[in-house]
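The following exercises concern the structure shown below. Each task is followed by a solution in steps.

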Amino acid sequence: LVTHMPWLIWAERELADRKGTHEIPAATALRQAREQAWQFQVSADDTGERGRDLVGGFIFTAGRNPLPSVLSARPLAGLAAMAADPALTTAQELPGEIVKLLAGARFLRQLCADEATAYAYADPKAAQFGVRTALWDQRMTVEGQVMTLLALSEIDRALTRFAKEMSPPAP
């Protein structure tokens with residue numbers, strides 16, 4: 001299901017909204033997919049000291065030398081869309097989801113060209129904060145830029161929900 005994220009989540013939400021119930025029939029399957037997806041997120045325990053820049057990315061392959069790349073933006077966008085939706089993520093689940101999403105956002109930031117890496121581009125100033133394909137691959141694809149923006153937008157929506165739900169009630 002991760003290969004269809006975030007569009008699958010958006011489609012389910014749209015169908016529920018059209019019915020007027022905001023009840024998502026596929027919620028159980030989506031929650032199971034979410035639990036499985038998080039198992040593929042790279043943690044600090046997976047990397048050791050030298051691989052901290054990889055923390056928060058996703059590895060869905062058992063290839064010879066698997067490392068996370070900009071493809072991590074796809075599941076992050078879907079998982080963040082789920083976190084932003086009360087029909088898919090309860091208020092009790094939300095803090096744990098936010099912690100994982102922030103690790104993913106940090107990984108996406110690691111992919112961005114900054115002053116230290118922009119020298120590798122013909123126009124260093126224009127390249128700054130473009131999203132590289134991977135930490136070791138300086139290419140910047142349109143798809144990578146778009147998916148990262150979608151992921152960050154959905155993470156922002158999840159954080160907005162979190163802030164509203166965790167703020168104390170007005171007196």
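**Charge distribution**

In this predicted model, the mean positions of the 18 positive and 20 negative charges of the protein lie 2 Å apart. Lys and Arg count as positive and Asp and Glu as negative, while His and the chain ends are not counted; each charge is placed at NZ of Lys, CZ of Arg, CG of Asp or CD of Glu.

Residues are numbered from 1 along each chain as its sequence is written, and side-chain values use heavy atoms, with hydrogens and water left out. As the model is predicted, local features need pLDDT of at least 70 and side-chain atom pairs count only at pLDDT 80 or more, whereas totals for chains, interfaces and linings use all residues.

**Exercise 1.** Determine how many helices and strands the protein has, and assess its radius of gyration.

*Solution.* The protein has 7 helices and 0 strands (DSSP runs numbered from the N terminus: helices H or I, at least four residues; strands E, at least two). Its radius of gyration, taken over C-alpha atoms, is 17 Å, close to the 16 Å from the globule rule for 171 residues, so the protein is as compact as a globular protein of that length. That rule is 2.2 Å times the number of residues to the power 0.38.

**Exercise 2.** Locate Asp-137 and decide whether Asp-137 is buried or exposed.

*Solution.* Asp-137 lies in the loop between helix H6 (124-127) and helix H7 (142-166). With a relative accessible area of 14%, Asp-137 is buried (under 20%; exposed is over 50%, partly exposed in between; 1.4 Å probe, protein chains only).
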